Amino acid sequence: MTKAMRVYEHGGPEVLQWEDMELGDPGEGEVQIKHTAVGLNFIDCYQRSGLYPMDLPITLGAEGAGVIEALGPGVDDLTTGQRVAYAGGQIGSYSEARNILANVLVPIPDNIEDQTAAAMMLKGLTAHMLLFKCYAVQPGNTILMHAAAGGVGSIVCQWANAIGAIVIGTVGSKEKAKKAKANGCHHPVNYSTENFVERVKELTDGKGVPVVYDSIGLNTYDKSMDCLDMFGCLVSFGNASGPVPAIEPLTLMQKGSISLSRPTLFNYTSDPARRLAAASALFDVVSSGKVNIEIGQTFPLAETAAAHTALESRQTMGSTVLIP
């Protein structure tokens, strides 16, 4: 028997239910892991609310870290007692323990702590996807990162710095502007007091940027397009303020022959070789000290509803980790 956070109907944080669950032996190609830390992400809120509809009931949670307690038949490349982490693929990390396919797991290096691994996997792999796949950022590029003080934003700002890019980042408060600045955002823009389109144009001599990374969605997507240089790319990867409506192809032409990318990490990490390569790059850049994974706050896993409330009301900074 183990405990897990279950969802039986879509809705607010109040639909999350902490309850007992039977956990059998791991099946073919699976391992059983005991979670030591679980990552919290906006996609969890989207799935809980029904913005991303799911078949119910379900245990949410897209990333976690823990220790292997048992191996299922056919698993010969992992060992009991080994520390592992995962992100994307099989959801269900809001649990004390679970069975999971072995091929989605990544061994945690000795110099990375479990909470750090849980805080970095989904956000860090997302940052890798944004910076190297959706738009290959080059030294000297100036980029715009929305929510620059958030979990993904903090990693992108630091990693872009390591590449040699210049980062403009939007934030919602003076405190978050300071946090973004400390994480390598060269030009924090407080959208509650500044017009970020005007500020971007000012900082780029009227040209705009080649890429905008936008996880805010409804409130920013149109202005984000106005921040782009000719043939720039809007990478829309989240809906914190609500889903983006349909965008007509002619609008992309009128905005400067720009392009639109709508990626999901689940596609990016579906190939095991690509997932391992991205995870290796992430572990390397963190181990080098060029990217620091900030755990801004922790919550007991049993209090996940409070963590969802804090995340959705923009009360968090950096990554949030749930502790089983």
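So, K3 stands opposite D20 in β2. That pair belongs to the stretch where strand β1, residues 2-7, and β2 run antiparallel, joined over 6 bridges. And before I go on, please keep in mind that this is a predicted model.

Zooming out a bit from K3, β1 and β2 are part of an open sheet of 3 strands, ordered β2-β1-β4, with antiparallel pairing. The edges are β2, at 16-21, and β4, at 58-59, and each of those pairs on one side only.

Just before β4 there's something for the backbone people. Where does P57 sit? It's in the loop between α1 and β4, and the peptide bond leading from L56 into P57 is cis, with omega near 0 degrees.

Okay, another antiparallel pair. Strand β3, residues 30-40, pairs with β7 over 5 bridges. If you want one position to click on, take V31: the bridge partner of V31 in β7 is I100. Now, is β7 mostly buried or not? Well, β7 covers residues 97-101, and 4 of those 5 residues are buried, so the strand is largely enclosed by the rest of the structure.

Next, the other open sheet I want to show you. This one has 6 strands, in the order β11-β10-β9-β12-β13-β14, and the pairing is parallel. Why do β11 and β14 each have a side without a neighbour? Because β11, 187-190, and β14, 259-261, stand at the edges with a single partner strand each, one side of each is left without a neighbour in the sheet. From one strand to the next, the twist averages 20 degrees.

Inside that sheet, let's look at β12 and β13. Strand β12 is residues 209-214, β13 is residues 228-236, and the two run parallel with 5 bridges joining them. Pick Y213 and you'll find V235 as its bridge partner in β13. As a general reminder while you're rotating things, side chains in a regular strand alternate between the two faces of the sheet.

There are two loops leading into strands of this sheet that I'd like to flag. One is the loop between α5, 196-203, and β12, which holds D205. D205 isn't a glycine, yet its phi is positive, about 55 degrees. With 74% relative accessibility, D205 counts as exposed. The other is the loop between α7, 249-254, and β14, where S257 lies. S257 also has a positive phi of about 55 degrees, and again this residue is not a glycine. S257 counts as partly exposed, at 36% relative accessibility.

Now helices. Helix α3, residues 151-163, lies across β9, at 142-145, and β10, at 166-171, and α3 runs at about 170 degrees to β9. One residue in α3 is A162, which counts as partly exposed at 38% relative accessibility. A162 and P139 are 23 residues apart in sequence, with 8.9 Å between their C-alpha atoms.

α3 also packs against helix α2, residues 114-134. Their angle is about 50 degrees and their axes are 9 Å apart. So α2 and α3 are oblique to each other, and the crossing is right-handed. Who's actually touching whom? From α2 we have K123, G124, T126, A127, H128, L130, L131 and F132, and they meet G151, V152, I155, V156, W159, A160 and I163 of α3. By type, that contact has 10 nonpolar residues, 4 polar and 1 charged.

Compare that with a second helix pair. Helix α1, residues 42-49, packs on helix α10, residues 304-312, at an angle of about 105 degrees with the axes 10 Å apart. That makes α1 roughly perpendicular to α10. Here F42, D44, C45 and R48 of α1 meet H308, L311 and E312 of α10, and the residues split into 3 nonpolar, 1 polar and 3 charged.

Last stop is F283, which is in helix α9, residues 272-287. Is F283 buried or exposed? At 6% relative accessibility, F283 counts as buried. Leaving aside residues up to four places away in sequence, F283 touches V106, P107, P109, I112, M120 and M121. And to tie back to the α1 contact, D44 is 239 residues from F283 along the chain, and their C-alpha atoms are separated by 24 Å.

How values were computed:
Residues are numbered from 1 along each chain as its sequence is written. This is a predicted model: local features need pLDDT of at least 70, side-chain atom pairs count only at pLDDT 80 or more; totals for chains, interfaces and linings use all residues. Side-chain values use heavy atoms; hydrogens and water are left out. Two strands pair if DSSP finds at least two bridges between them. Helices (H or I, at least four residues) and strands (E, at least two) are DSSP runs, numbered from the N terminus. Axes are lines fitted to C-alpha atoms, for helices over the stretch in contact, and angles run from 0 to 180 degrees between N-to-C directions. Contact means heavy atoms within 4.5 Å. Angles under 35 degrees count as roughly parallel, over 145 as roughly antiparallel, 65 to 115 as roughly perpendicular and the rest as oblique. A crossing is left-handed if the near helix is turned anticlockwise from the far one by less than a right angle, and right-handed if clockwise. Ala, Val, Leu, Ile, Met, Phe, Trp, Tyr, Cys and Pro count as nonpolar, Asp, Glu, Lys and Arg as charged, and the others, Gly among them, as polar. Buried means under 20% relative accessible area, exposed over 50%, partly exposed in between (1.4 Å probe, protein chains only).
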